[in-house]
Amino acid sequence: MPHVPQRITGVRYDEFVPAVRRYRPIALLRLLARTSTAQLKGHPFEAVDVRDPIKPWAVSLVAREALAGGAHVTRREQPTLQALRALDAMVIDLEDPLSLNGDASVGEETITGFMLRTSYQQFPYQQPIFGDTARMRPMLKRAFPRPKYQVLSDAVIAELLGADIDTYTDLAPFFLAAVMTNAGTFDPTWLDQPHFAPIRETVPREQILRVYDTRLSAPVASLRKLAKAGRHQRPELRQHDFNPLVNAPFIILPEGIGVAPQPAFVTGRFSMAALYYAGVDRYGNAFATDLGHVNEEYTVEQLSLLNQAGAAIHGEIAYRDGKEEKFSVDGIVVYPDQVIFVEVKSLRPRMDQRLDPVSYAKGLRRDFVKAKDQLVTTYNLWRGGHDAFASLPSPAEGRAIRGLIVVPEPLYLANHTMFVQAIGAMPFPSAVVSLTQLENLVAVAAAERSGLVFQDLTAGSRHLVADPTAALNRAQQRAGVATPRNEILDASFGAIRWPKVGGRRPG
């Protein structure tokens, strides 16, 4: 659940910024790094604990404002854990368009807007740490035949990441371990120490530093400039401004040491999302289109795990529409009691679209309408007995029909009735799920050898047409598993090649 303000009027952002800048910035950044890594150590599988001195999203916000205020100021107070608790309380109470309504009555749109902003601010820190990283290897270790793929190749991936995909994926636990054992810091000279010889034999020092220099770090002066830029005109929305530490989680101090106030940003660099933005910046829309093809292929590979749960899996089906060749949805899952049509859309809302429900709905509408059209068209062709769909069971057998729209990253509140209305009613129950949710759904379906989780998924409630979290919880209870194990992700984890380095901490 999101943390909500305690003060009705809210703390003004121009009150919060001076509160951050009371403290010595470098000392504050180091304290944030020590505290956030200690908190993650204390509860690695629960990213948020109300007893922590400071919540992870508050860590990020305080770090950004400390950077923006200048890193070399010394005539300020020394920060303490008590100071972090006070700043955390201010972040929770920051003013929002909802609180600015005062005593005026608020409607569903206003409340939904608050929930939308809060979700994108807080929920990313509650995602599994290594799921996005483990996904990179199976998604990118494949052929990229032309002309289907315009840009993607092994060479392009290595160019963008600074290493081949196996090496890059393996470096995620290395850098996270470095910050977790060294209070959120990384010193490149550690790599020259004798007990790092096994590491250097696995990945050359130069390659580790290439990834660190190009993908993970930036000088404090550069990050300060970025932290000051692009601020929202409305002060009550500045807490949602872009944080440059997302792209460069290690702040390189003048002495050459990197400080990472937010460890979640370190692992975040080892994700398909980070690759997407780097590739689009370098190659434009052609790169986005290529990754869309990867998303489609990977989704069908995940669906294939449902064979263990008694399902038959079909990829997209080509059919003729007059003289034109067209294709069905990306995947079709056939259970004895249900048929699930699956369409993949590579939708990533812009940051400005996440600030109010009207812009969010407009951003979702284009791709969701296309997804709906594909789902409904495929359903109608199958129901109408089109020859191309003869390999599927007859509609006359009376199986329940469901639809899935799969997206690469979480689309918070996308299953809320307010946003579903933007694309119109579906002829059958449907749900929007992220790749993370899909991986968990197929894993738990395989564990309980049933498709019941998909029935629960689309059961809906008063404000939701689908509830992936509730469906997963119920399925995990039925299957008696705390965490569903996904074979594809487990294989990626198993391919990590690090030796044990004598139990010694780096540095």
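Me: What makes the residues that line the second largest pocket nonpolar, polar or charged, and how many are there of each?
Reply: In this predicted model, the lining divides into six nonpolar, nine polar and eleven charged residues. The label follows from the residue type: Lys345, Arg366, Asp367 and Lys370 belong to the lining, and they count as charged because Asp, Glu, Lys and Arg are put in that class. Ser346 is also in the lining, and Ser falls among the polar types.

Me: Which residues lie nearest the centre of the second largest pocket, and which elements supply its lining?
Reply: The lining has 26 residues, and Lys345, Ser346, Arg366, Asp367 and Lys370 lie nearest the centre. Helix H14 (285–303), S9 and H15 each supply at least two residues. The volume of this pocket is about 720 Å³.

Me: Why is the second largest cavity called a cavity and not a pocket?
Reply: A set of points is called a cavity because a 1.4 Å probe fits there but cannot get out, whereas a pocket is an open set. The space in question has a volume of about 40 Å³, and the structure holds three cavities of 30 Å³ or more.

Me: What makes a residue part of the lining of this cavity, and which helix gives the most?
Reply: A lining residue has an atom within 4 Å of a point of the cavity. Phe130, Thr133, Ala134, Arg137, Thr169, Pro173, Ser492, Phe493 and Ile496 are therefore its lining. H6 gives the most, with three residues, while helix H6 (131–140), helix H8 (165–181) and helix H20 (487–494) each supply at least two. By class, the lining has five nonpolar, three polar and one charged residue; Arg137 is in the lining, and Arg counts as charged.

Me: How do you know which strands pair with S10?
Reply: Two strands pair if there are at least two bridges between them. Strand S9 (residues 338–344) and S10 have seven bridges, in the parallel sense, so they pass that cut-off. S10 and strand S11 (residues 430–434) have five, also parallel, so they pass too. Val344 stands opposite Val406 in S10, and Leu404 has Ala431 in S11 as its bridge partner.

Me: Why is the unit of S9, helix H15 and S10 called right-handed or left-handed?
Reply: The unit is a right-handed β-α-β unit, with H15 covering residues 357–383. It has that name because, with the strands pointing away from the viewer, the path from S9 over H15 to S10 runs clockwise.

Me: What makes strand S10 mostly covered?
Reply: Seven of the eight residues of S10 (residues 400–407) are buried. Each of those seven therefore has under 20% relative accessible area.

Definitions and conventions
Residues numbered from 1 in each chain as written. Predicted model: local features only at pLDDT ≥ 70, side-chain atom pairs only at ≥ 80, totals over all residues. Heavy atoms only, no water. Buried < 20%, exposed > 50% of the residue type's maximum accessible area, 1.4 Å probe, protein only. Helix = DSSP H or I, 4+ residues; strand = E, 2+ residues; numbered from the N terminus. 1 Å grid on protein atoms, 1.4 Å probe; cavity = no way out; pocket = protein on both sides within 12 Å on 5 of 7 lines; lining within 4 Å. Points joined across faces, edges and corners; volume = space filled by probe spheres on them.
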